[in-house]
Structure formats: C-alpha cells, structure tokens
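Here are my notes on the aromatic contacts and the salt bridges, set out as numbered points for you to check against the coordinates.

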Amino acid sequence: MLFRSSPGGPVLVVVHGSMDRQGSFDRLVRRLPEVHVLGFDRRGYAGSHDVPGPYGIDSHVEDLVAVLGTLDAPAIGLVGHSFGGVVALATAARRPDLVDGLVIYESPMSWEPWWSQNSGGSQALRSADEPEQAAETFMRRFLGDRRWERLPESTRHRRRREGVVLVQELASLRLGRPYDFTDLRCPVVVGCGSRAAEHMRKGSELLANECSFTPLVVLDGAHHNAHRAEPDRFADLLVRPLLRRMEQEIG
C-alpha cells in the first residue's frame with residue numbers, strides 16, 4: 001500500500017482493474033493535491049503478486065474492506081476503474097458503513113446476457129485453461145500487438161504470470177452481479193469514454209441511471225484508460241464533483 005498526496009480531509013482509495021496496478025493512477029493522483037489518496041496493488045498483481053488466491057470478486061472485496069478498516073477519516077471515497085469498479089461497488093453495497101462515495105469508470109457487467117462476447121475479458125476467458133495465454137490475449141487486446149511485442153521479455157513474463165488472477169476474477173463475474181443497486185446508499189459518479197464499446201456504454205448508462213446523483217459523464221474522445229491518459233478531465237469531471245458532494249454531506 002502507498003499513501004500519496006496531501007494528508008487531512010477526505011481520503012480517496014483508488015482500485016485498479018484487471019492486469020493493472022496502482023501505478024496506473026499516478027498521473028491522476030498528481031492532479032489531486034488537495035486529497036489524501038491511497039493506492040494498493042490488488043492480490044496477485046505487481047507488489048501483491050505473492051498474495052495467494054482465491055482471486056474471485058469476493059476475495060478482492062474482502063481485501064478492500066480490510067484496507068478501509070485501517071483508515072480514520074471524515075469521509076472515504078473509492079475510485080474504481082474497470083474491474084476495480086466492480087470491487088468498489090460490491091464493497092460499498094456490502095459495507096456501506098465504510099464508504100461515503102464512489103467514482104466508477106467503465107465498470108464491466110459481464111454477467112448480463114447482452115454483454116459482448118468479443119470483449120477483452122470474453123476473449124481472455126476462451127483461454128481459461130491456459131492462464132498465461134489468457135493474460136497475453138488480454139494485454140494484446142488493450143495494448144495492441146506492437147506495444148506488447150516491444151515490452152521486455154521479463155515484463156511479458158510477469159504479465160503472463162498474472163493470468164491466473166485474471167481468469168479467476170473474470171470468471172467470478174460470470175456468476176452474477178456481486179452487488180444490488182438498492183444497497184448502494186452513497187453518492188456515485190459514473191463515467192465512460194465516448195470511444196467506449198457499445199456494451200461498455202450500455203453498462204455505464206445502466207449504472208448511472210440506477211444509482212448516480214449525476215447523469216452519466218462521457219469524456220469526449222477518451223478510451224478505457226482515461227484515468228491515465230486524461231487525468232485532468234478525469235479529476236475535474238468525475239472526482240471533484242464527488243468530493244464536493246461528500247464535503248456537503250459531512251459538513
């Protein structure tokens with residue numbers, strides 16, 4: 001775990017997606033000097049690569065609950081990207097006493113019958129019996145073949161090794177929604193990029209309609225990695241509206 005930005009006031013905990021790590025939020029954190037931010041590598045990834053499974057959604061929720069239980073702050077918000085958004089939503093639904101607000105960006109709903117069978121996760125799960133191949137398939141989908149092949153072999157080896165985590169966490173979502181909309185009692189801001197695939201846009205709209213206090217925030221021209229590629233707009237249009245709402249509620 002790593003604390004970054006200024007101490008005092010509300011705390012934001014950033015929760016990364018599949019085949020990612022806390023460092024993907026670095027540029028966003030630098031845009032939020034007024035907030036105390038906590039990042040951590042989810043079990044099986046990067047600095048937590050030696051934390052054993054199981055790696056389904058329930059284990060990741062338990063880990064996040066444990067992190068939140070160590071915090072002492074007037075308000076605690078979660079920023080969840082992709083699979084990290086599912087972890088954040090499930091945590092807020094199961095432990096509303098620990099979460100005061102949510103920012104959710106392009107969180108998958110792969111349990112829905114209309115979810116694309118051509119999504120990155122769906123493609124990876126076709127190689128579920130070969131986790132290393134699943135990880136490579138997933139990374140090639142999001143990085144592109146050229147960028148993947150330019151990575152050092154040692155890096156590609158580490159990422160393939162994370163395929164066990166990837167397969168288990170993605171498969172756990174196919175079992176059904178791990179949260180109930182009616183259990184989400186805190187303010188929620190939902191965002192997606194204008195270049196999101198149709199199924200991702202549909203899921204984001206559904207989530208925003210069910211539980212957000214603002215309409216769906218669409219970042220024009222943004223891809224799935226907007227927290228890294230568009231940190232200024234992500235901070236201004238998604239995070240700061242939540243911070244203002246949280247401050248109003250605790251004030």
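1. In this predicted model, Trp 111 and Tyr 179 are both buried. Their ring centres lie 5.9 Å apart with the planes at 85°, and since an angle over 60 counts as edge-to-face, the pair is so classed. The contact links distant parts of the chain, with Trp 111 in the loop between S5 and helix H4 and Tyr 179 in the loop between helix H8 and strand S6, 68 residues apart. Together with Phe 181, these two residues form one aromatic cluster.

2. The count of aromatic pairs comes to five. One of them joins Tyr 105 and Phe 234, whose ring centres are 5.4 Å apart and whose planes meet at 55°, so this pair is tilted. Because Tyr 105 belongs to strand S5 and Phe 234 to helix H11, the contact ties together parts that are 129 residues apart in sequence; both residues are buried.

3. A charge over a ring also deserves a look: the charged end of Arg 245 sits over the ring of Phe 213, at 4.5 Å from its centre.

4. There are 19 salt bridges by count, among them the one between Asp 63 and Arg 43, with closest N and O atoms 2.6 Å apart. Here Asp 63 is in helix H2, while Arg 43 is in the loop between strand S3 and H2, 20 residues away. Arg 43 counts as buried because its relative accessibility is 14%, under the 20% limit.

5. Glu 149 and Arg 140 form a salt bridge at 3.0 Å between the closest N and O atoms, and both belong to a network of salt bridges that also includes Glu 136 and Asp 145.

Definitions and conventions
Residues numbered from 1 in each chain as written. Predicted model: local features only at pLDDT ≥ 70, side-chain atom pairs only at ≥ 80, totals over all residues. Heavy atoms only, no water. Phe/Tyr/Trp six-rings, centres within 6.5 Å; stacked < 30°, edge-to-face > 60°. Helix = DSSP H or I, 4+ residues; strand = E, 2+ residues; numbered from the N terminus. Buried < 20%, exposed > 50% of the residue type's maximum accessible area, 1.4 Å probe, protein only. Lys NZ or Arg CZ within 6 Å of the ring centre and 35° of its normal. Salt bridge = Lys/Arg side-chain N within 4 Å of Asp/Glu carboxyl O.
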